[in-house]
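Thanks for making the time; please have the sequence and the model open side by side while I talk. I will go through a few local features and then say how they sit together.

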Amino acid sequence: MLRLELMGNKYNKTEHRRALMEQLNNRSNGSVELKHQNISAVLIEMGIPYIDGYKPRFNYQRSLLPAVVADYLKSNPELQHLFAADSEVTPAIPSVEDFLSAWDEPPTPEDRKTPTISEPRAIYNPGGVNYLEREARNQSLGEAGEQFVLNFERARLIRAGKDSLADRIEQISVTVGPSAGFDIKSFEENGTDRYIEAKTTKYGKNTPFFVTPNELRFSRDNASRYYLYRLFKFRDTPRLFALNGSMEDRCILEPSEFIARPS
């Protein structure tokens, strides 16, 4: 199903599940659904996109499932080429009649909670590449997402009758650059500043994103006026949710890279 999804082909989850259950004994719909969600969690930890329809659940048997997924990936090396190609794809900014209709609720606290596993969390993709990180570094995708957010913010303020504020929205990532710590300066309806960091993915709502120390510091120092806009499913049906406040308070942060100097 993931292969079909990344190739842009349609599939039917229900038909797939029914066909699978015919090969399994005494398995309920719920248990098959949960196992697919567990596979999504393993793929995320490997740095691989997951099927959007299977929300990741991290309460899996760590000693068994990752090895099964890794064996499948080793037996199907062509998938690595598909993941690599898709991570570099930048879709055109999707055409949307009403930008405000793309608004969504953030993941629930249960979705964001730390996985309930006691072993170290590192699980490595046999291909040796974190494709989610590669997609996050796709500058063209990030710029397309920022343009979508600019249009969204203009629509939000114009709908509120604040056309003059909409005209003053600034793309800080262009006028100042990464040193600013955020991407877009917008406004609340009362005229106070709203600082926006835009993070864009073609994949599902629960896909993790990457932040720099500077972005994290800025969100902490400007928590009350800071918003992280997470765009997802940007390929053809873009959605977005917002997290207001310091990312230290609103996200589970896990170190992924360190700068090392000889002591």
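Let me begin with the hairpin that E4 and E5 form, which has six residues between the two strands and, in its turn, Lys233 with a positive phi of about 50°. Bear in mind throughout that this is a predicted model, and that most residues other than glycine have a negative phi. Lys233 belongs to the loop between strand E4 (226-232) and strand E5 (239-244), and with a relative accessible area of 28% Lys233 is partly exposed. The two strands of the hairpin run antiparallel and are joined by six bridges, and one pairing you can look up is that of Leu228 with its bridge partner Leu243 in E5.

Widening the view, the hairpin belongs to an open sheet of five strands, in the order E1-E2-E3-E4-E5 and with mixed pairing. Which strands stand at the edges? They are strand E1 (170-171) and E5, and because each has a single partner strand, one side of each is left without a neighbour in the sheet. At the E1 end, two bridges join E1 to strand E2 (residues 184-187), again in an antiparallel arrangement, with Gln171 standing opposite Ile184 in E2.

Now to the helical part, and to helix H4 (residues 65-75), where Leu65, Pro66, Val69, Ala70 and Leu73 are buried. Seen down the axis of H4, these buried residues fall within an arc of 130°, so they line one face of the helix. As a reminder, an α-helix has 3.6 residues a turn, so residues three or four places apart point the same way. On the face of H4 turned away from the buried side we find the exposed residues Lys74 and Ser75, while the buried residues of H4 pack against helix H3 (29-46) and helix H5 (78-88). Val69, for instance, touches Ile39, Val42, Leu43 and Met46, if residues up to four places away in sequence are not counted.

That packing leads to the largest nonpolar core, which has 24 residues, and in which Leu2, Met46, Ile48, Tyr60, Val69, Leu73 and Phe83 have the most contacts. Two or more residues each come from helix H1 (2-6), H3, H4, H5 and helix H7 (131-136), and H3 gives the largest share, namely five residues. Another core, of 23 residues, lies apart from it and includes Leu141, Ile169, Phe187 and Leu231.

Turning to charged pairs, a search of the whole structure finds 18 salt bridges. In one of them, Arg159 pairs with Asp98, with the closest N and O atoms 3.5 Å apart, and this pair links distant parts of the chain, since Arg159 is in helix H8 (residues 139-159) and Asp98 in the loop between H5 and helix H6 (109-112), 61 residues apart. Arg159 is exposed, at a relative accessible area of 58%, whereas Asp98 is partly exposed, at 30%.

Is the acid of a salt bridge buried or exposed in the case of Glu133? Glu133, whose partner is Arg137 with the closest N and O atoms 2.6 Å apart, is buried, with a relative accessible area of 19%, and I would note that the cut-off for that word is under 20%. Arg137, by contrast, is exposed at 58%.

Technical notes. Residues numbered from 1 in each chain as written. Predicted model: local features only at pLDDT ≥ 70, side-chain atom pairs only at ≥ 80, totals over all residues. Heavy atoms only, no water. Buried < 20%, exposed > 50% of the residue type's maximum accessible area, 1.4 Å probe, protein only. Helix = DSSP H or I, 4+ residues; strand = E, 2+ residues; numbered from the N terminus. Arc of directions from axis to C-beta. Contact = heavy atoms within 4.5 Å. Core = buried A, V, L, I, M, F, W, Y, C linked by side-chain atoms within 4.5 Å. Pairing = 2+ DSSP bridges. Salt bridge = Lys/Arg side-chain N within 4 Å of Asp/Glu carboxyl O.
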